[in-house]
Amino acid sequence: MAVIPVDLAGRSYEVHVGPGLLTRLPELAGPLLRKTAVPVIADANARRHWGGTLDQALRANGRTALWYDVAPGEASKSWSELARLTDWLLAQGVERGDHVLALGGGVVGDLTGFACAILKRGCGFIQLPTTLLAQVDSSVGGKTAINTAAGKNLVGAFHQPALVLADLATLATLPPRELRSGYAEVLKYGVLGDAEFFDWLADNGARVLALDEKTLEQAVATSIAAKARIVAKDERETSGARALLNLGHTFGHALEAEAGFSELLLHGEAVALGMVLAARYSARLGHLPMIDAERITAAVDAAGLPAELAALNFDCDGAALVEHMLHDKKMDAGTLPFVLLRAIGDAYLDRAVALADVALFLDEQLRSH
């Protein structure tokens, strides 16, 4: 098992990575579980696969799980679901010193974290991520949010978990497409800040996706450690350091919006294609060698992730995709910063990108294979 500290002033916590961690929850959570009845907010699929394991672990420790099921999918990150969840938590008598468990992927983690951020002005929660994407990204760092009609993750709060248990055994029940989607975020850490990790993934990515235990643990732990370092420098995304984690996301969120946040394009798939587009646009500007853009494209394609915008067959033009970007929460004084690349492992924030030029670039990508 790997243990990665997330060092924040007065609110540091640990991320544990390894197989079988759900069975060790009472031991690892220790004094965080103050009461015998423990609220568990669970993705319905995650509960079906892992609810029994968690139930048994709690019962063996003299505790009982209080279950609240959340329907899978982004639609659950809504005002209405947030209201239902907070009312339920209040009905269970959750106090500020209690800790709520979040079992599932990023949707459950985001929803539970935001509910806990506002419940009685802040109560504790523990992340139990069961998807690769949640384990290496959304469960760490304290960003919580819901979606609104205006866009994704536009209403939320920074609220750090007290503990994260990334049980690698849970990944065995993930559909292959969901696993590949999560791998996009693993690949992102190599592209944005660790060329050596990118090269390691080129050699070992297939083993990661095959869930080879030792290789998987190294990939997940390396990814989390990278995020923890960035979050420690810039918890609330004020200095620009944490913004680098948005590599692929400005393009990716626009693609998700055009797809109607549907199953047509999963979040990780959108981020993967967004990284390709960010690399190609960086090369277009003359900032990134074309060979690096080609290597990033090849790595995305080798993982079975979408690497060509034209293949999505969107019925839109580049201007329409840029229009989606204008709703991005990172808009600042009418400008939108883009995470671009100078090399693999060297990302930077560009606040002077001309959106009209981005629209022309996207027109080219929409037409070419």
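## Cysteine 116 and the absence of disulfides

C116 has a relative accessibility of 0% and therefore counts as buried, the limit for that class being under 20%. In this predicted model, a search of the whole structure returns 0 disulfides. C116 accordingly takes part in none, and the cysteine sulfur nearest to its own, that of C123, lies 3.7 Å away. A disulfide requires two cysteine sulfur atoms within 2.5 Å, so the separation of 3.7 Å between C116 and C123 does not qualify.

## Aspartate 110 in helix α4

D110 belongs to helix α4, which covers residues 106-118. With a relative accessibility of 9%, D110 is classed as buried, because that value falls under the 20% limit. Once its neighbours within four places in sequence are set aside, the contacts of D110 are with K77, S138, K143, T144, A145 and N153.

## Leucine 132 in helix α5

Helix α5 consists of residues 132-138, and L132 is part of it. The relative accessible area of L132 is 1%, so this leucine is buried. When residues up to four places away in sequence are not counted, L132 touches L171, L174, L179, G182, Y183, V186 and V220. A further spatial relation links L132 to L216: the two residues are 84 positions apart in sequence, while their C-alpha atoms are separated by 9.9 Å.

## Alanine 37 in strand β3

A37 is found in strand β3, made up of residues 37-43. Its relative accessible area of 33% makes A37 partly exposed, because the value lies between the 20% limit for buried and the 50% limit for exposed residues. Not counting residues up to four places away in sequence, A37 touches T64 and L66. A37 and Q92 stand 55 residues apart along the sequence, with a C-alpha to C-alpha distance of 9.1 Å.

## Packing of helices α9 and α10

Helix α9 (residues 249-258) and helix α10 (residues 267-284) have axes that come within 7 Å of each other and cross at roughly 130°. This angle makes α9 oblique to α10, because it lies above the 115 degrees that bounds the roughly perpendicular range and does not exceed the 145 degrees beyond which a pair counts as roughly antiparallel. The crossing of α9 and α10 is right-handed.

On the α9 side, the contact is formed by H249, F251, G252, H253, L255 and E256, and these meet H267, A270, V271, L273, G274, L277, A278 and Y281 of α10. Sorted by class, the contact of α9 with α10 comprises 8 nonpolar, 5 polar and 1 charged residues.

## Packing of helices α12 and α13

For helix α12 (residues 318-325) and helix α13 (residues 355-367), the axes come within 7 Å and the crossing angle is roughly 130°. The angle therefore places α12 oblique to α13. The handedness of the crossing between α12 and α13 is right-handed.

The residues of α12 that take part are G318, A319, L321, V322 and M325, and their partners in α13 are L355, V358, A359, L362, D363 and L366. In terms of class, the contact between α12 and α13 contains 9 nonpolar, 1 polar and 1 charged residues.

Terms used. Residues numbered from 1 in each chain as written. Predicted model: local features only at pLDDT ≥ 70, side-chain atom pairs only at ≥ 80, totals over all residues. Heavy atoms only, no water. Buried < 20%, exposed > 50% of the residue type's maximum accessible area, 1.4 Å probe, protein only. Axes fitted to C-alpha atoms, helices over the stretch in contact; angles between N-to-C directions. Helix = DSSP H or I, 4+ residues; strand = E, 2+ residues; numbered from the N terminus. Parallel < 35°, antiparallel > 145°, perpendicular 65-115°, else oblique. Left-handed = near helix turned anticlockwise from the far one by under 90°. Contact = heavy atoms within 4.5 Å. Nonpolar A, V, L, I, M, F, W, Y, C, P; charged D, E, K, R; others polar.
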